[in-house]
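Thanks for making time this morning. I would like to walk you through one model, beginning with its interior and then turning to aromatic rings, a couple of loop residues and the enclosed space.

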Amino acid sequence: ASSERSMMLEVHMGPYLPNMDDQFEEATPYADAFGTSSATLLGVHLDYQVFQSFGSLAIGTGIRYGAVKGNAIAADGSAATDETGLHLMPATLSLTYRFDWAARRFGFPVIPYGKAGASYVVWWMTNGRGEVANAYDPNGVGRVGMGGTMGWHAGGGVQILLDWFAPDMALIFDDESGVNNSYFFAEYMIHQVNDFGSDTSLELSDDAFSLGLMFEF
């Protein structure tokens, strides 16, 4: 495809299993409520390419949402019959470097990239009625079951140029919609989300894979 390129839209999906229990020495509130289940996050990321030469450098922002459901835990730590849900909405601000020089120069369809930046995860707990519930710490002290936790993320992935497999279709897509290139991607990201080590914040860190599509325009 030959139209001007300046932005990249990512649509992606992947599991997220917060390391919430790591902040407690003996209690395991996440495992007690949700077992080994993870939330499936769906989201989008949009970035703008500020540099294009030996690869491209972009700055962008993204947002995702997902939830996991399980059984509520009573104040004394025992299992309850009510359903509970943990809802996660991570927002990110990222710098992304894509080594696309070989793709531009020689048409090589595989492009590695790295990504890093700041994270902020909005979270809330719900009861069986879908209302925001009270959460309890291991000592039985109640608190409002919602909040936000800051942190950072870093990782990378590989994007595969789909235009390489169907160049004629890619040209038509470019002419009709302005999408210069389309990619499939696989990404591995380290998320450190605990208000930079605060003992009073909810630990929401995780190392996770995600898959999706990218559209460059």
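What you see is a predicted model, so please hear everything that follows as computed from that prediction. Let me begin with the largest nonpolar core, which has 16 residues, and in which Phe-34, Leu-86, Leu-88 and Leu-204 are the residues with the most contacts inside the core. The elements that contribute two or more residues to this core are helix α1, residues 29–34, together with strands β2 at 39–53, β4 at 79–98 and β5 at 110–126. As a general remark, nonpolar side chains tend to be buried together in soluble globular proteins.

It is worth pausing at Phe-34, since a list of its contacts is available. Leaving out residues up to four places away in sequence, Phe-34 touches Val-68, Lys-69 and Gly-70, then Thr-84, Gly-85 and Leu-86, and also Met-125. Apart from the largest core there lies another one, of eight residues, and Ala-103, Ile-111, Tyr-113 and Met-214 are among them.

Now to the aromatic rings, where the count comes to six pairs. One of these is formed by Phe-54 and Trp-101, whose rings are tilted, with 5.4 Å from centre to centre and 35 degrees between the planes. This pair links distant parts of the chain, 47 residues apart, with Phe-54 sitting in the loop between β2 and β3, where β3 covers 55–73, and Trp-101 in helix α2, residues 101–106. Are these two rings buried or exposed? Phe-54 has a relative accessibility of 48% and therefore counts as partly exposed, and Trp-101, at 28%, is also classed as partly exposed.

A further pair is that of Tyr-188 and Phe-209, and it is called tilted because the planes stand at 55 degrees, while the ring centres are 4.8 Å apart. Here too distant parts of the chain are linked, Tyr-188 belonging to strand β9, residues 181–193, and Phe-209 to strand β10, residues 206–216, with their positions 21 residues apart along the chain. Tyr-188 is partly exposed, at a relative accessible area of 33%, whereas Phe-209, at 56%, is exposed. Returning to the earlier pair, Phe-54 and Trp-101 join Phe-99 and Phe-106 in one aromatic cluster.

Next, two residues in loops. Asn-180 is placed in the loop between α3, residues 167–177, and β9, and with a relative accessible area of 2% this residue is buried. The side chain of Asn-180 makes a polar contact of 2.5 Å with the side chain of Asn-181. Thr-36, by contrast, lies in the loop between α1 and β2 and counts as exposed, its relative accessibility being 76%. The C-alpha atom of Thr-36 is separated by 8.0 Å from that of Leu-17, a residue 19 positions away along the chain.

Finally, how many cavities of 30 Å³ or more does the structure hold? The answer is one, and the space inside the largest cavity comes to about 180 Å³. Its lining is made up of 21 residues, and those that lie nearest the centre are His-12, Arg-64, Thr-92, Glu-187 and His-191. Two or more lining residues come from each of the strands β1, which spans 7–16, β2, β3, β4, β9 and β10. With that I will stop, and I am glad to take questions.

Key: Residues are numbered from 1 along each chain as its sequence is written. This is a predicted model: local features need pLDDT of at least 70, side-chain atom pairs count only at pLDDT 80 or more; totals for chains, interfaces and linings use all residues. Side-chain values use heavy atoms; hydrogens and water are left out. A nonpolar core is a set of buried Ala, Val, Leu, Ile, Met, Phe, Trp, Tyr and Cys residues joined through side-chain atoms within 4.5 Å. Buried means under 20% relative accessible area, exposed over 50%, partly exposed in between (1.4 Å probe, protein chains only). Helices (H or I, at least four residues) and strands (E, at least two) are DSSP runs, numbered from the N terminus. Contact means heavy atoms within 4.5 Å. Rings of Phe, Tyr and Trp (its six-membered ring) pair if their centres lie within 6.5 Å; planes under 30 degrees apart count as stacked, over 60 as edge-to-face and the rest as tilted. A polar contact is a pair of N or O atoms within 3.5 Å; within protein, one must be able to donate a hydrogen and the other to accept it, and residues adjacent in sequence count only if both atoms are side-chain atoms. On a 1 Å grid over the protein atoms alone, a cavity is a set of points where a 1.4 Å probe fits but cannot get out, and a pocket is an open set with protein on both sides within 12 Å along at least five of seven lines; lining residues have an atom within 4 Å of a point. Grid points are joined across faces, edges and corners, and a volume is the space filled by probe spheres set on the points.
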